[in-house]
Each structure stands twice: as C-alpha cells, then as structure tokens.
Number of protein chains: 2
Amino acid sequence: MIHQSDIEIAQAKTLKHIREIAKKLEVDEDDLEMYGKYKAKLPLSLINDNKVNQNNLVLVTALTPTPAGEGKTTVSIGLTEGLNKIGKQATVVLREPSLGPVFGIKGGAAGGGYSQVVPMEDINLHFTGDFNAVEKANNLLSALIDNNIQSKDNNLNIDPRTILWKRVIDMNDRSLRDITIGLGGTANGIPRQDGFNITPASEVMAILCMSSDLENLKERLGNIFIGFTYDKKPVFASDLKAENAMAILLKDAIKPNLVQTLEENPAIIHGGPFANIAQGTNTIIATKMGLSLSNYVVTEAGFGADLGAEKFLNIKSQFAKLNPKCVVLVATIRALRHHGGAAKVDYNRPNLERVTEGFKNLEKHIENIRKYNIEPVVAINSFISDSKEEVDFVIEKCANLGVEAVLSEGWVKGGEGTKNLAKAVVNVVENKATQYKPLYDWSSPIKDKIEKIAKEIYGASIIEYSKQAQLNLRRIDRLGFNDFAVCMAKTQKSFSDNAALIGRPEGFTVTVREIEIAAGAQFVIPILGKMMRMPGLPSQPASENMTIDNDGVISGLS
Amino acid sequence: MIHQSDIEIAQAKTLKHIREIAKKLEVDEDDLEMYGKYKAKLPLSLINDNKVNQNNLVLVTALTPTPAGEGKTTVSIGLTEGLNKIGKQATVVLREPSLGPVFGIKGGAAGGGYSQVVPMEDINLHFTGDFNAVEKANNLLSALIDNNIQSKDNNLNIDPRTILWKRVIDMNDRSLRDITIGLGGTANGIPRQDGFNITPASEVMAILCMSSDLENLKERLGNIFIGFTYDKKPVFASDLKAENAMAILLKDAIKPNLVQTLEENPAIIHGGPFANIAQGTNTIIATKMGLSLSNYVVTEAGFGADLGAEKFLNIKSQFAKLNPKCVVLVATIRALRHHGGAAKVDYNRPNLERVTEGFKNLEKHIENIRKYNIEPVVAINSFISDSKEEVDFVIEKCANLGVEAVLSEGWVKGGEGTKNLAKAVVNVVENKATQYKPLYDWSSPIKDKIEKIAKEIYGASIIEYSKQAQLNLRRIDRLGFNDFAVCMAKTQKSFSDNAALIGRPEGFTVTVREIEIAAGAQFVIPILGKMMRMPGLPSQPASENMTIDNDGVISGLS
C-alpha cells in the first residue's frame, strides 16, 4: 500500500541533473539543449542506424482495457527500472501527455506510484513546448486556408464546404467542438462551419511522429490534404506554401526530450498522437534515439494490443524498419474479471470463475502477437485486490500456452518489484527473438489491409462498408493513396466495433462508416465508430483542487 | 547602407553561451534555468529592491509614429550597446514579440540591422513558451466558464449573454474574430457568441506584466471579472476556483528571460501586452530584475509617448514604485515630414518646411515628458534619406528647448553609432535626474484621471462620454473599481482620437465610447476608437517566403 499521491512521491525525489542522466547514455553535456536542470532536448545527429538495428526494442501493450486503463505507462517505466536493476542498460521511451486531461478527469500521464518519470509537473504541463508547437503549426495552416478563401490575390478557389482541416487546442473544451467562424461581415472572412479538436488529434502530431528529419517533416506537412477547389481539384498544404513555415514552428519540437525515472534511469518522451484516430505512440525519432543510445528500449502504444500494438507493428515498425524483439502484454486481474462478465461494482472482488472466462481475451491477444513472429511476455500489473489463486491461475494458463506471465509490482516497489518481469523479457529477447514480420504490406489494396486486421486481429467474420466509406475508398483511389498504411479507429473496449462485446467475441461483423485521409502521415483512417476528438471537462474539474504556493510548489496535480 | 537582411546579420553572429552573459550580471550559472545554450530564465529570488532603487532606469518612447514605426526597439538595443561602449554596465529590457505578426505583415520584433537581440529566430518564434502559457491560462478559464454553464453541479447561474471573457490564440486569424460556439446539441455546451483575440490582448498577459510574484499573480487571476449571473451578481475567476490552475500554467512564464544583444550585452525579454488596450510594456518583474543586476536599464513602451510613456509612467512606474531618470524620445525625420503634412510618397524626400511644421508634434511630446519631472533626450533614428539640414534643424530646435538631440546610428553601426546618444542619456541621468512624479493618483476618480490624460497629455479641450461609457462608469462604481488606473485605448496615429489629426492638434474633443474593466490587472480601459484585437494575414502571407533546411537554418523570417 502507498499512502502518498503520485505528485507527493515525485516531489520527494531529489532529481539528478540531466547532464548526469545523459552521461549514462554517453551523451556529452555539450550536445544537450537543456530546458532547466532536469529536461533536455537531444539533437537528431545522435541517431545511429547501426545501433538502432543492434539494440533491443520491447513494446509494452495490454489486453482489452477497462476505462481506468491497465497501467501500460507504469509497467513500461517499472520494467525499465527492473532491467537496469538486473544489469541491462535500458531507457524508457514514451509519449508526451496532453494538457487537456490534466484539468479533466483522466489526469496526467507520467506513470504512477514508484514507477514515474520526473519532473512530473513539467512533463504534465507545457514540458518543452512540443504540443504548443504542433498546435501553432496546425493553426497556422487553418489561418492560411481561411485567409486564402478571403484573399483577392493567389486565391486557390477552395470550396469552404469541403475543408477537412480543423483547428486544434490542447484543452478539454467541448464548446469548441462545433462552431461557426468568419461571422461579422466582409472584414472577418467567409462564414463556415468549423470546430476545434484537441491537439493530440492533429495530423501535424501524427506527422511529427512519423518523420525521420526536418526535410521529411516538411515534405509530409506539404502533403496534408485539405479539401477541394470548386472545380473539384484536391488542395494540399503545399498549394498554400505552408510547409516551410509549419516546419519552422516545429524546429525544436522535432527533437526528443530527455528526462529521468524515479530511479534515475533515462526516459525519452516525445510526441503524443491520439490512439484512436492516429498511431498512439511516440515519435519514430524518439524510438530510434533510444535505440541509438541504449541496449534496451522499452516503449508503449495506446489502448489494447488490437489497436496500439497493431498500429505500432504495422505502421510504425514497418515504415521505420524497426525490429521489436518482445511484446509485454499488460493484464490486470480486474480487467480479466471484467472480461469474464463481472459488473463494475465487482471489479475489485476476487472471482476465479470470472477470471477463467476473461482469460479468453488475453489468450486472443497472445495469439495475435505471435502472428507478427514475436513472443509475448504477460505482465500482471499487481493490485491489492488480486487473490493468489487468480494470479496463479493466469500464470499457469499462460505457461500452458508457452508464455511466461510475471507479477509486476513496479507501482509499489519500483524496479525492485519488476526484476522478475525484466528477467522474463530478457529471456525472450536473448533466446526467442526472431525477425518480426508485419501483418500486411503497405502496398496491398486498402480493403485487403482492413480485412487482414479485422479478421486476423479482431476476429471478425464480415466487414461491411457504408455508402460513405465506399465513396471514400473511391476518393482514396482517385488521389492515388492506395499504398498508405491503414490506421484503424474503433472502440478500445472490445475486439469488435461494439463496446459491449467483451471477452473474445467471434463471428461478428464490423462496419467501416467512413475513411479519412491523413496524407502527410501517410495513412488512411477507417472509422468504425464515433471517435471523440475533443473531450469535455467534468462537473467538478480537477483544476479546482490544484494549488501552487509562492515558491512554485504544486499540489493536486495527478 | 546594409545589404544583409536582419536574419542574415543575426545568423552571422557567433553567440556567447548564455552563462557568459549571466556572468556579466554576476549571476551564477547555477541560478540559470537554461533553454538551450542561448536563452535562460532567471529566478525571481534575484530581484533586490535596494538595487532597484539605486540603479538607473531609462525609458525609450517616441513621437507620434507613422505606420512603419520609428524604431524604438532598435534604438533601445542600440543605446544599450552604446552605454556599454562608454563604460556603463547596461541591460536592455524588452517585450516578447507575438507570433501572429511574424507570419503577417509586421514581422517579428527583435530590433533591426546591427541593433538586434539574438537568437532572433527563437525570440520571434515560441521563445521560452511564455505566450503559450498565457494562452493556455486564458483558455482554461474560458473552458471552465462554458463548462460551468453546462454543468449540473456547482452551477454559478452565469448569464452567457454577459460573458466578457474571450478566448485567445497567438495567430493572425481574422476568421476567429466573431464566432458562435457550443453548437451541435446538448453534449457540446450552450450555444453563444464568442471570439478569439490575439494572445497579447489577453488580460492574463496584462496581469502577468503587473504581478510581483506568484502569490500576487494568483490573486490577480482570481480577480478577473468575467460577467454576471442571471440575477446580476458579478462573477470572477475565483468563483470558478480557476486562479490556482491558471497560476500553475504560468509558473515558468513568470520568470524573465535572459538573452544577448549582437554585442554580447545582456537583454531581458519578458511579457508582451498590447499597447492599445493594455500597458504595452514588459513585466514589472523583468524591469526590476534588470535594475537588480545592472547599473543602467534601457526599456521601451509601445506606440508614441502619449500612449506608451503615459501608461509606463502612470500605471507601471507608479504602481511598482520605479523612478525613471531619463526618457529617450525617438524621432525620425520621416515622421517629422509626415507630421508637417508630407504625403506618403514624399516621406523619403528632404523637405525642411515639412520638418519645421512637423516639429510641433515632437515639441508637445517633450513638454509632456517634463510634466512627469523627467528630462528627455531626443534620439534621431538615422535614415539614409535624412538631409543634414533637416537633422541640424531638429538638433537646434531641441537645444532651444534645453533638450539634447542626438543622431542615433545603431541600425547601421551598432554601439559605435550610439555612443553620443549614450553620453547624452548619462548626462541627464547623472546631472539632471530628480524624483519623477506621476500625472495622477490612482485614488482619484476615474473621470478625473481620464480628463487629466486627455487634456494635459493629448491636448484635448472637451471629453465626451457616450451613453455606453456612462453606463460603464456606473458599473465600475458599483463594483468598487474607482481606484484602478486608467489604461487609455485610442489611435496611436494622433494625439487625438482622430487618426487624421497629425502634428499637434488643439482644441479638439475626444469621445469615450465605452470603458472596459481589467480587474485582475487593476485598470479600466476607456475605449476612444475601434481597437483591433485580432489582426488578419495579408494576401500574400510572410509564411510563403520562409524556408528551413534540414539543419534547421531558417531564411525569410523578419
């Protein structure tokens, strides 16, 4: 049991100067761009492709999660501490948290308990300004679009009704979801319907996370598909000559951020795209940076393995030619009870029968990981309400499948609580790793790629396309985007597109409602359900309970 | 003549590590919060009120400017180089530029030619994130307001029609001036009219610049006046328990930023409120920081002396108990021709007659400065189109008034071109400085304060109040805000509220159209004309000509 809040634990820690953390990675102080004493940006010149290929990449993902989440970030950090404890040189590479949820219900995202990255306040607030840079680059493009529609010179004849590009703000602000802009007369632009998404939902964020360097970033930004002219020609950001100015705004944001864990191990935190309509994992640059500097890199991807791991392996790893050598599947006894049919009030009550039934969900994820030629390890993220009987059951069932399942106690004990998990991971990496293979080739037709994911990963029998989706497929074909990756957008609560289908559903139909285009990120986004792109605040926002004193000491941030 | 652009000159300079600049101020490296190698934040603990009183504050302001501006920032930087050249320890303290104009017509604001602060790209882009922090604090309050209106618990009964608080974005984006938000059904909030201002127009920016420390910042943020409940009770940010979370977002933004000039002298750059509806000068904290660390501090305030200097002296200096010892009035021969009636096409053609007539504008500003018990120095910001005859005329006319006028050639020559100006300033500071006195007491009635400024500074004969303004005065009285300062909002193009009245108009009437309240900043804002709070982009935005290469080298930024 821990009696302190996350922020209290984090504040009790005396941080090492970031130059000391850099030393562990053999990075010269002179190569660091410091942001205060405990944060630094790393130059892209430190990326070394030979090292990227030699070193060991471990992906942390999860079974199908409950709304509370199963602790992937906490396990990723904990596992990194554990690896260092057993003598491996390991770095954790994570996404940057969005500011919006900090004031909402969810809170920040810098791990928890004794498995945190610090300084947690800074990481959860503006950090090194990357989200702001993404926001500004996104909104500069918006301003340029509306300015062009208004403009007498250089007018591209953009049809305002076709504009797909939205503004973004890193704030939970439901009132901005659906707005009309350009009111008030001729001086104020052309009235049209618009809306703000939260910044992680920006395609600029997805692009930043797919880019290899500034040149590539610029090219991708220019490729952003905005909409059509009145004579139905596609309009791209490059038509507005926007890509250089957008890249200028991102010149520092492209560099990964170095911080530390509570046990003074290196943490690289960079980029934070949504896990529903985007790839939900840190930048390719950050992952490669980690692998250039560290023998082991532990990273994570959002939601369950059907979403996060699928995208990590088929989009990011395939594109960036990464070779993940082990996948850690985070499971909680609570989530297994849920998948076995336990009601929410019973989540914390031991029930072997529910866990037995719920195990089918985890089993399907294990099968799925093996489809990529990767061996999984199961991390049972320990909770006080777990019974020994339930934990032993999971360990035994996994063993029957040839998978090592290990209790992970990083939240309560830090690296001391994850040494066994670390050993299991090292065993897979050193003795069982092969060359991973993606599930599909980017070059195969869009419908084939969707089918492969839906049938082999989700377990669907039938894929239906709405009229809208069929029109979208024709548009993708016309624009020549058939060889883009597929970034599926569906509920994280089920293997299917129906949140109510827990466990391991079979024989179901999934419906592709529409298919969006992220031409800069180079993927299309089949939408299988309503996607939230702008959260709201709760009745009693978390902001109400936060305080800061005259010395800058914060409380109430989580 | 200079054949290089500002950015080319800036990039040709090999910068000193910021720790070397800090050394000149006797600041330990350990006290710096570095942002890369060339920017750092200074902790508030370095402020020393004894030093603030001992050291010498010099304000740079201008005659009534032409739309191109008369080069206050360039002269401020140049003068600082000159002071250091003649053996004084001097620091320039400036506002941070807004990002919006960088992509518009105006460009950045880091000086020009050989009088620049560097790294100019960073200063003109996100810098250390202060503007973003202001923007987020402002927009968190907006989100909390709309969330409260939507909320079933804790509902304050806010009447959405009375909300005065607007969202902000640091972007020139005319389409956001007038919008409707909250559309799309019950999940998306309550529909209402709203709009975005540019970030420098946020009251949060005005507050940051008036604050003495985090505690005071928090108090001011809580005092922000938002609007009324349905039963006509005033609503403040503190009613939404917003002030702590807002202050948390500003925890780093409250610390001033240290950079360097092209001649490696210290520059402190912090805060950037609009000069029309706000105080248009850097933070009180930054000015005090400069004075705590430096024998001479050169600072500036926006627009002409009727606006910038008036607010600097009556609002900032009075509140913060500063004692400015010299005021530098920047004049250009071009602007004097303009005030003498020259048409725009003739601005660059010598014409002694026009300059003779136009001198009346400068003369009035000289008289005004003396009303504060301060001796002015006139800096003739040198242009290639100036004739010797015109320059000599201005010098002689000033001498007749007992004022030293000096040619300032910082743009072409850096500190070498401003040594004479520096000597003139030192002469005033060392031989003529007395205790400055403000024009009015904050405690006098609002109408008296307005009258004093309009009659004594502008030269108006009659002050009229619209019906709206009279209602606003009653509201201010009812809310108990009579002892606030007065922050006048009028055109910068004339002493009067009519932009067409150049030179030294007399016998005119000014009309107060409405009076806004900035309760956190502690001033009311009499509006004497239409104020622009959200600029637009030009037909061909500056962004189109910017480039960045793969090494991050930028061109086309100005």
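Biologist: Where is B:Pro119 placed in chain B?
Modeller: B:Pro119 sits in the loop between strand S6 (115-118) and helix H5 (120-124) of chain B. Helices (H or I, at least four residues) and strands (E, at least two) are DSSP runs, numbered from the N terminus. This is a predicted model: local features need pLDDT of at least 70, side-chain atom pairs count only at pLDDT 80 or more, and totals for chains, interfaces and linings use all residues. Residues are numbered from 1 along each chain as its sequence is written, chains are lettered from A and ligands numbered from 1 in the order in which they are written, and side-chain values use heavy atoms, with hydrogens and water left out.

Biologist: What is the peptide bond from B:Val118 to B:Pro119 like?
Modeller: That bond is cis, with omega near 5°. In chain A, the bond from A:Val118 to A:Pro119 is cis, with omega near 0°.

Biologist: Why is B:His270 called buried?
Modeller: Buried means under 20% relative accessible area; over 50% is exposed, and in between is partly exposed (1.4 Å probe, protein chains only). B:His270 has 0% relative accessibility, so B:His270 counts as buried.

Biologist: What touches B:His270?
Modeller: Contact means heavy atoms within 4.5 Å. Residues up to four places away in sequence are not counted, and the list includes B:Leu94, B:Asp130, B:Pro256 and B:Ala286. B:His270 itself lies in the loop between strand S14 (266-269) and helix H10 (284-293) of chain B.

Biologist: How do you know that B:Lys255 and B:His270 make a polar contact?
Modeller: The rule asks for a pair of N or O atoms within 3.5 Å; within protein, one must be able to donate a hydrogen and the other to accept it, and residues adjacent in sequence count only if both atoms are side-chain atoms. The backbone oxygen of B:Lys255 is 3.4 Å from a polar side-chain atom of B:His270, so the distance fits the rule.

Biologist: What makes A:Glu264 buried?
Modeller: Its relative accessibility is 18%, so A:Glu264 counts as buried. Phi of A:Glu264 is near 65°, a positive value in a residue other than glycine.

Biologist: Why is B:Lys241 called partly exposed?
Modeller: B:Lys241 has a relative accessible area of 44%, so the label is partly exposed. Its phi is near 50°, again positive in a residue other than glycine. B:Lys241 lies in the loop between strand S12 (234-236) and helix H9 (243-249) of chain B.

Biologist: What makes B:Lys241 and A:Glu544 a salt bridge?
Modeller: A salt bridge needs a side-chain nitrogen of Lys or Arg within 4 Å of a carboxyl oxygen of Asp or Glu. Here the N to O distance is 4.0 Å, so the pair qualifies. Across the interface of chain A and chain B, the rule finds 8 salt bridges.

Biologist: How many residue pairs are in polar contact across the interface of chain A and chain B?
Modeller: There are 43 such pairs, both residues at pLDDT 80 or more. On the side of chain A that touches chain B, helix H6 (130-150) is one of the elements that supply at least two residues. H6(A) gives the most, with 11 residues.

Biologist: How many residues of each chain are in contact with the other?
Modeller: 75 residues of chain A are in contact with 75 residues of chain B.
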